[in-house]
Each structure stands twice: as C-alpha cells, then as structure tokens.
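Visitor: Could you take one part of this model and go through it closely, strand by strand, and then say what surrounds it?

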Amino acid sequence: MAGQKNEKMEAIISLAKRRGFVYPGSEIYGGMAGMYDFGPYGVELMNNLKAAWWKEYVQKRDNYVGIDSAMFKDPRVWDASGHTSGFSDPLSECRVCNTRIRVDKELEKIGVAADEKMSEAELNRLFDENRSKIKCPKCGAMDFTPVRAFNLLVKTNMGDLTGDNAEPTYLPGEACQGIYLNFKNVVDTTRMKIPFGIVQIGKAFRNEISPRNFLFRTREFEQADTQYFVRPHENKEAYEKIKQDRFDWYVKMGIKKENLRLHQHDNLVFYASDAWDIEYNYPSYGFDELEGVHDRTDYDLTQHSKFSGTDLSYKDPYTGEKYIPWILETSVGLGRMFLAFMSDAYQEEEINGETRTVLKLKPELAPVKIAVFPLLKNKPELVAKAREVYDMLKENVRCEWDDNGNIGKRYRRQDEIGTPQCVTIDFQTLEDNTVTVRDRDTTQQKRVAIKDLS
Ligand code: ATP
C-alpha cells in the first residue's frame, strides 16, 4: 500500500514537471532545496485556486474585505509577534552522520504530543525520555545531540546602507502580520464593524531545516489567511463555524471528503484558546496539515499596541464600549493547497483497453477550460473555421489550440492537464456549423451548434 502511495506521488511530481505545472527552482544550476517555480499550467491552476478562495470571502461575504500589505515590515513587528525570539524549529543532530531531525515531528511519529512552540527545556525533557525509540532516518543510529531551537526567520539587508547589517529586516515568516498592522486602517477607512474579517494572500519565507515532500514544506511559499475580529469571549460559536466552513469549502471545490479530516492540537501556545488543523491525505505520507484554524484571543492586537505605541482597541460605534478584539484565524499554504487539489484530481483510468491519466479538476480550477482542434491541420478550410471558433471562445475563457497528432492523442494531452471540454471542427462543421464536444470525465461526445458553445 505504501509503495502504491509513493508511486502516486512520484507520478504526480513527474506529471507536474513534464506538463509544465511545477519545475524545481533554479534547476539549470542543479536545483535549490525548498524552492519551486510554477510553469504555464501551474500558474493557471494556482491563480484559479486563489481566485476561488478570494471569491469565497471578498465577493460572497459582506463582512470580509481583502488587503495586500508590503512584504517588508518594520523589524519590531517580528519582535511583537514573537518570531525573533521564539519562532524556531527544535533540532537535534545525529552524532554519527550529522543528519538533523525536527524533534517535535519525530516525537509525534511515536505518539508523543509535541509542538515546535514548546520551550527548549520542555522539548529536551520529552526527547530525553524517548531517545530509546528514535532512530536517525538516514543511518539508523540513536545518538543525538541535545535539542536546540533554530530560528526560522530569513534576514535581509533591506534599507541597510551602512553595509554592517546591525539592524536586519526580515522577510515575512507568516503573511498574517500585514493584516494586524492594517486593522486600524481598515476600521477607519471602511464601514466594517465587528464582527468582521480581513483576508490576504501573501508570501512567507522560513528557513525550514528540511524542506521536503514536494510543495508540502518549502522555504518560500504563499499563504491565504483570514483573520476574523470578534468581541472578547464571543469566539466559540464563530470559531466552530469558521472551522466547518473551511472544511466544507474544500469539499465544495472538489476534494473527496474521505481525504480530509480535522485534528485538534494537543499543545496550545500560551495565548491560544483553541487550534485545529484541517488535514489532507497526501499520497506519499498520509494525513498531514493542510490548513490551520486558530483561536488566538487578543494576543496579536495587544502585542502590536504594546510594541508600536498605537492603541489598536476598537470602539463600538453603538455602545461606545472599547476593547481589543479577539481574532479567529485560518491560514493555508497555497503550495499545500495546490498539491492537495492536484493529488485528489489525479487518476489513472482504463478506457477502451488504454490507460489514460486524467486530472479531474472542477472546471473552475482547470488551467485550460476548452481545447479547440481542427480535425486535420492540412485542410485550410477546417483550420480557418477552427480559428474562428477558437477566437470566439478565447474572449471569455482560457482556451488552447491543438492541431498536432491524431484526435485521440490530443484528448490524452488535454486529459492530463484537466481540460474539461475539447471541441473538434470537422467537415460536417463546414456544412451545418456544429462541432463535436467531448467531455473529459465521461469521454462522451456530442454535436453542438457553434452558436450554443459559449
Ligand atoms: P507545520 O507544523 O507543518 O510546520 P505550521 O503549524 O508551522 O506548519 P502555520 O505557521 O500555522 O504552520 O502556517 C499556516 C499554514 O501555512 C500551514 O497550515 C501550511 O499550509 C502552510 N505552511 C507552513 N509552513 C509551510 C512550509 N514550510 N511550506 C509550505 N507551506 C507551509
């Protein structure tokens, strides 16, 4: 079973490369760990995922607005958030082969609840109690150094004109901070009243010690975050709803329900009131975190009020009551989301004795919506008519032109990238202005009048 799962992940990574979804970063220089580039179809799928997510909040809900904050922020932001002091991976090194392990993850594998946000001393105690059960994944030895916290923030010299970089700036360790920084701006410039949400899609960078599992753990990624501001202690009901809404969104967008589950954190950071992960059943390694749903109390706005000296409390326009709002957060890495959708849509099927690979993505997410084929590329009248149809359709949706090889091969190519419909222009088209429309999932074909296509 594990073998089959690994094969599926390998097949997905290979398809992603071969068909221009995802390329290894800096590949011509030998690749760079934890970096990936999105190719022509990958960027389409990614943009469609972002658009669907954005639509869900900013378009469909009256009490959410979107922002896009600058990546660089005053370095004190990361002191306030706790990232400069505590945003770290607990690491230990194998004394035999120098492989570094994430201690929290290794403990979790043997059923010991641990969290990267626990103190170094606490993690050392748990690690020492369980050393006899943890082997080096590379050489199998059981001789590890003590646990050390390794800070994940990526430093830069932005704005440092002296060259000594005494006061570094940081790339964002998480995207959500931009929302907290703009909470007051949004309240002052829009008609949003608590409870309301602010959403953002933004880049994040982490010096992950062992980037792995394709897009699952990378050093540069994008996060889609929602932060919902509520009155103090009015968190429970809203939290349950937000958690369920996020789960349901994945199902609505086409992920199979049996491949999703909710998992509650055993260990909470000191300020959190509750934390759950929505987990996806990834092909090579099973259920793991896709998205975090966190009940963060008043920590974020309190911290930024303290560190910036700006009062971020909210004044209720009706009652005059003043308070620091509590925050309910959802945060998902778009790379993980991309991987989950691609894995879930990926299928190998037998059709008329032939195997085909097909991405059964919801049409809204498919990189190309319609492919247009002239039956023969050496018949100018067919080509001209097909161009007419293609030019008409591409005004509204992303289309692709393909006149290469036999029609069966062209269908296979489109199946692999998830194109829901293929339109073929043949000799009958020249007589009656109808075309053949072939459906990706059923492979059924039917004649449709050109005027009805759009
Ligand atoms: P993990 O325990 O897997 O390291 P986390 O709990 O640190 O994740 P958060 O800080 O809550 O993650 O970030 C929110 C979301 O951002 C995660 O649910 C995940 O989808 C995504 N994410 C976090 N780290 C990475 C990474 N290195 N690569 C890709 N996506 C990531």
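Guide: Strands S12 and S13 form a hairpin with three residues between them, S12 spanning residues 274-282 and S13 spanning 286-295. The model is a predicted one, in which local features need pLDDT of at least 70 and side-chain atom pairs count only at pLDDT 80 or more, while totals for chains, interfaces and linings use all residues. Residues are numbered from 1 along each chain as its sequence is written. Strands (E, at least two residues) and helices (H or I, at least four) are DSSP runs numbered from the N terminus, and two strands pair if DSSP finds at least two bridges between them.

Within the hairpin, S12 and S13 run antiparallel and are joined by nine bridges, one of which pairs Asn-281 with Phe-287 of S13. S13 is also joined to S16, again antiparallel, by five bridges, and here Asp-295 has Leu-328 of S16 as its bridge partner.

S13 also takes part in the surroundings of the ligand, where a residue counts as near if its C-beta atom, placed from the backbone, lies within 6 Å. S13 gives the largest share of that shell, four residues, and the other elements that give two or more are strand S10 (220-230), strand S16 (326-333) and helix H11 (334-345). Of the 16 residues around the ligand, the nearest are Phe-221, Gly-292, Ser-331, Gly-333 and Arg-336. By class, the shell divides into three nonpolar, six polar and seven charged residues, where nonpolar means Ala, Val, Leu, Ile, Met, Phe, Trp, Tyr, Cys and Pro, charged means Asp, Glu, Lys and Arg, and the others, Gly among them, are polar.

One further residue can be placed against these elements, namely Gly-202, which is found in strand S9 (residues 196-205). Gly-202 is buried, because 20 other C-beta atoms lie within 10 Å, and the cut-offs are 20 or more such atoms for buried, 12 or fewer for exposed and partly exposed in between, with C-beta atoms placed from the backbone. Not counting residues up to four places away in sequence, Gly-202 touches Ser-69, Pro-172, Ala-175, Gly-178, Glu-222 and Gln-223, contact meaning that the C-beta atoms, placed from the backbone, lie within 7 Å. Leu-334 is 132 residues from Gly-202 in sequence, yet the two are 9.7 Å apart in space, C-alpha to C-alpha.

Notes: Contact = placed C-beta atoms within 7 Å.
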